[in-house]
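The questions below ask why certain labels are used for a structure, and each answer sets a value against its definition.

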Amino acid sequence: MAIESTPYAPNIKIPELLERGKANTTSITIYRDGDKVHVNSGTYTLIKPDGSKLVDAAAVTVSGNVSSYTHSAANLADTLNLGEGYTQEWVLNHDGGHPD
């Protein structure tokens with residue numbers, strides 16, 4: 001039995017630093033076979049170390065097959081704890097094809 005797979009490779013920044021009290025834009029690009037995958041839509045969630053959500057399934061912007069989300073300064077308040085443990089979750093919808 002042959003197993004077919006579709007390997008996708010996200011361009012992930014580890015660690016990604018978000019500055020408190022300022023607007024920040026975070027982005028992700030998905031690749032397949034060295035080309036950007038055509039993303040139709042998606043959502044972004046930012047989870048705090050305690051499991052609560054700072055951003056919950058917010059719509060992303062897609063431009064040039066790069067998905068991005070812009071945090072407001074209020075969303076990243078300067079009262080947030082600094083440190084590790086924040087998790088970004090991207091849910092992206094695509095047709096599996098490459099851009100034209």
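Q: Which residues is T26 in contact with, leaving aside its neighbours within four places in sequence?
A: In this predicted model, where local features need pLDDT of at least 70, side-chain atom pairs count only at pLDDT 80 or more, and totals for chains, interfaces and linings use all residues, T26 is in contact (heavy atoms within 4.5 Å) with E16, Y44, S67, S68, Y69, H71, Q88 and W90. Residues are numbered from 1 along each chain as its sequence is written, and side-chain values use heavy atoms, with hydrogens and water left out.

Q: What makes the link between the side chains of T26 and E16 a polar contact?
A: A polar contact is a pair of N or O atoms within 3.5 Å, where within protein one must be able to donate a hydrogen and the other to accept it, and residues adjacent in sequence count only if both atoms are side-chain atoms. The side chains of T26 and E16 are joined at 2.6 Å, and this is a polar contact.

Q: Why is T26 called buried or exposed?
A: Buried means under 20% relative accessible area, exposed over 50%, and partly exposed in between, with a 1.4 Å probe and protein chains only. T26, which is placed in strand β2 (strands are DSSP E runs of at least two residues, numbered from the N terminus), has a relative accessible area of 0% and is therefore buried.

Q: How many aromatic pairs are there by the ring rule, and why is the pair of Y44 and Y69 given its label?
A: The count comes to two aromatic pairs, where rings of Phe, Tyr and Trp (its six-membered ring) pair if their centres lie within 6.5 Å, and planes under 30 degrees apart count as stacked, over 60 as edge-to-face and the rest as tilted. The rings of Y44 and Y69 have centres 4.9 Å apart and planes at 15°, so this pair is stacked. It links Y44 in strand β4 with Y69 in strand β7, 25 residues apart.

Q: What label does the pair of Y44 and W90 receive?
A: With 4.8 Å from centre to centre and 65° between the planes, the pair of Y44 and W90 is edge-to-face, and ring pairs link Y44, Y69 and W90 into a cluster.

Q: How do you know whether D33 is buried or exposed?
A: D33, in the loop between β2 and β3, has a relative accessible area of 60%, so D33 is exposed. D33 also has a positive phi of about 55°, although it is not a glycine.

Conventions
Helix = DSSP H or I, 4+ residues; strand = E, 2+ residues; numbered from the N terminus.
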